[in-house]
Amino acid sequence: MAPLARDFVRVATSGSVDDGKSTLIGRMVLEAKQAFDDEIEALGGPGVLDLAQLTDGLREESEKGITIDVAYRSFATRRRRFLLADSPGHVELTRNAVTALSGADVALVLVDARHGVVEQTRRHALLASLIRVPHLVVCVNKMDLVGFSRDAYDSVRDSFEELSERLDLPDVAFVPVSALGGDNVSSRSAEMTWYEGAPLLAHLEEVHTSSDRNLVDLRASVERPLQLPGDRTREPGVVLQVLSGVLRDEEELVVLGGFESSSEPVPVTIRRLAAPAALRAPAKTLREARPPGIVVAALGGVASDQGGFWPPRGSMLCRPLNHPAPRSEIDAMVFWMGDQPLAEGMRLTMRHTTRWVGVRVSSVHYRLDISTLHRDPGACALGANDIGHVTLVADHPLWADDHARVRSTGCALLVDAASGATLGALTLRGPTSPPASLRGVT
Amino acid sequence: MGTTEQTTGTETPSAPAIAPFTDLDLLEAEALHLLHAVMSECERPALLFSGGKDSAVVLHLVSKAAWPGEPQVPALHVDTEHNFPEVIAYRDAALARYHVELLVASVSEAIEAGLVVEDASPGASRNALQSAVLLDAVARYGFDALVGGARRDEEKARAKERMLSVRDSSGGWNPRHQRPELWDLHNPLHGPGEHLRCFPLSNWTEMDVWRYVEREGIELPSIYFAHRRPVVRRAGMLVGVGPHTPPAPGEEVLEATVRYRTVGDMTCTAAIESAASSIPEVMAEIASTRTSERGATRMDDRGSRWSMEDRKKAGYF
């Protein structure tokens with residue numbers, strides 16, 4: 001029977017060509033008993049299954065024995081619900097790996113025990129660090145092909161630890177596995193008694209994710225304005241998504257971007273926080289809401305000289321003394337995915353929360369070599385799958401946080417307005433909310 | 001949704017202040033966030049509505065996203081005229097209840113107009129004809145976004161699908177050139193002639209759909225629950241006998257207690273033997289089954305391993 005309240009852990013898997021990543025995913029799904037008989041039958045029947053076929057769902061992938069595009073697969077153990085995002089190791093590396101890693105709680109990096117830490121491992125570790133995935137698990141795979149040797153495992157572990165010293169990886173764990181044989185996947189391997197840690201699935205069940213969420217800095221984004229039913233006071237209504245922090249009823253907040261013409265914060269009071277209902281039923285009253293909750297609220301306390309105040313989609317509610325200062329100059333790390341290079345002077349449109357803002361690339365500071373971590377300050381353009389540090393100038397002020405502090409307001413997309421193509425991912429840097437002086441607040 | 005209900009006077013002060021934050025709440029928030037993007041930023045979105053359980057859940061979510069108003073999106077049904085009568089009755093009742101306008105794109109009319117050519121062999125499915133009829137409707141009504149109930153866990157080609165997926169001017173899906181989807185930042189922009197497919201249930205499983213149906217009290221067509229029906233056994237499946245699905249020569253018609261796990265055309269959807277007559281019984285059955293949802297019931301997926309990928313590339317939903 002369906003369990004009631006399970007947490008939802010997003011896991012991004014990445015590896016190099018042929019290190020057995022799809023096989024490991026197939027093994028995890030199989031051992032969690034989440035593959036159906038007809039799916040297992042399609043893998044080639046009993047005996048040695050081609051586990052990679054559980055996820056390599058495209059014709060070209062199966063024919064070439066490779067993974068081309070990010071695939072998603074849900075599975076659950078008794079304790080936890082997992083959503084795996086599996087990205088290919090080699091094709092369009094930055095594009096696919098960043099797609100899988102964005103929003104992930106855990107990055108699972110595969111290393112072939114025979115080859116140790118290779119360039120691809122370094123790239124994946126760097127990407128996980130730049131995207132700030134809170135947990136990383138190094139799976140040293142194909143242990144069966146090195147005689148389950150502890151030395152081989154220790155050598156991978158040592159070289160990864162040396163690499164991670166230069167990166168921002170708060171939690172790294174190592175598990176020696178054989179995905180093909182199932183060693184240390186769901187149960188302890190009899191071949192590797194020297195390994196004292198937990199098998200992979202047990203480790204994933206235990207990873208402490210509840211502290212990863214930011215419940216301090218309130219950021220609630222307006223999904224859409226609405227007309228509240230039976231509203232005599234004509235208070236503006238909004239549908240909000242809580243991006244971080246805790247939103248409470250009767251709280252005094254400010255709206256950023258409430259007026260098109262001004263970036264001044266507008267003080268409001270949250271009244272009648274509620275959960276939207278279907279079939280025009282009355283909304284259920286709430287005392288508070290946490291991320292990523294979607295709620296409706298009336299905004300009270302708007303000064304009478306601010307008639308016509310109706311916060312648009314993309315405006316944001318914060319606490320009066322804890323909000324990002326509106327700014328037009330944005331410093332960011334960019335993960336470029338466009339075929340045309342990103343060059344200084346280029347005009348693009350930026351997706352930040354639910355807002356679109358036109359931006360101009362004012363300068364490219366350096367290109368980061370993702371294999372050597374070397375910064376190339378001579379670069380004034382970035383090619384497809386390059387990573388670099390840029391400054392953008394926006395047409396209207398943004399209320400952006402540093403990505404390290406608030407993940408959801410510290411990230412953005414770069415989009416070509418004409419074609420709609422998503423060309424880049426941004427993690428934003430920069431001054432984090434010096435309390436702004438508030439006009440009209442006493 | 002990570003929310004706390006207002007405490008009442010009868011609660012003790014020691015009652016937990018925070019309601020449990022379930023995986024279902026997360027899935028619902030993810031779906032509403034996507035629906036707001038499409039309903040706020042697309043010019044003419046429509047809901048693809050088959051009357052199946054997934055589209056029933058999407059209809060419910062669209063209604064929540066429109067609170068306190070009525071959904072300003074029409075429902076489009078690509079009608080092969082090979083439907084289960086119970087599902088058509090449900091379709092009309094459900095859309096009336098949610099105050100959603102029904103638009104029907106008729107496969108029969110498309111055949112008469114020469115838009116598509118029907119396979120005239122007995123019991124042939126019109127499934128493959130739906131893509132062309134759908135694309136014709138997109139052009140006729142000027143839809144720029146179609147919201148559907150497809151889930152990644154249904155099929156391997158769908159596991160590669162984005163939540164917001166661009167279709168080119170011929171409706172085709174190009175799995176090699178999909179837009180990256182990053183964090184929960186949705187990009188509903190698209191070029192001229194292109195349209196979007198929007199899948200709010202991408203990360204839901206069959207069990208999630210039933211849990212949500214139970215939690216929200218969503219009504220479903222009666223054929224999802226155990227009933228008596230004349231059937232034939234065909235290729236290991238139980239196929240309901242009806243006007244469009246006559247028994248083949250030599251097939252024996254028997255009456256069985258069955259239910260449908262998925263709902264498509266009568267010609268390509270098989271029943272399963274089941275005595276599950278309530279939502280908890282259905283959930284218990286799914287929890288113990290060893291066969292995937294489409295594997296058990298979809299004759300149209302059995303063409304080849306790649307039949308879904310090929311149909312998606314041609315504009316299928």
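Two strands pair if DSSP finds at least two bridges between them. Keep that in mind for the exercises below, and remember that this is a predicted model.

**Exercise 1.** Work out how strand 5 and strand 7 of chain B are joined, and which way they run.

*Solution.* Start with the bridges: 3 of them link strand 5 (residues 145–147) to strand 7 (residues 195–198) in chain B. That meets the cut-off of at least two. The two strands run parallel. For a spot to look at, find B:Leu146, which sits opposite B:Arg197 of strand 7.

**Exercise 2.** Place these strands in their sheet: what is the strand order, and which strands are at the edges?

*Solution.* In chain B, 6 strands make an open sheet with mixed pairing, ordered 4-3-2-5-7-6. The edges are strand 4 (102–106) and strand 6 (164–167), each pairing on one side only. Going from one strand to the next, the twist averages 30°. Now add helix 5 (residues 130–141) of chain B: it lies across strand 3 (75–79), strand 4, strand 5 and strand 7, at about 130° to strand 4.

**Exercise 3.** Hop over to chain A and find out why the buried residues of helix 6 line one face.

*Solution.* First, get the helix: residues 150–164 of chain A, reaching 21 Å from first C-alpha to last, close to the 21 Å expected. Next, pick out its buried residues, A:Tyr153, A:Val156 and A:Phe160. Looking down the axis of helix 6, these buried residues fall within an arc of 65°, so they line one face. On the other side, A:Asp151, A:Asp158 and A:Glu162 are exposed. Finally, check what the buried residues pack against: strand 4 (106–112), strand 5 (135–141) and strand 6 (172–176) of chain A.

Conventions. Residues are numbered from 1 along each chain as its sequence is written. Chains are lettered from A and ligands numbered from 1 in the order in which they are written. This is a predicted model: local features need pLDDT of at least 70, side-chain atom pairs count only at pLDDT 80 or more; totals for chains, interfaces and linings use all residues. Helices (H or I, at least four residues) and strands (E, at least two) are DSSP runs, numbered from the N terminus. The expected span of a helix is 1.5 Å times one less than its number of residues. A residue is buried if 20 or more other C-beta atoms lie within 10 Å of its own, exposed if 12 or fewer, and partly exposed in between; C-beta atoms are placed from the backbone. The arc is that of the directions from the helix axis to the C-beta atoms. Two residues are in contact if their C-beta atoms, placed from the backbone, lie within 7 Å. Axes are lines fitted to C-alpha atoms, for helices over the stretch in contact, and angles run from 0 to 180 degrees between N-to-C directions.
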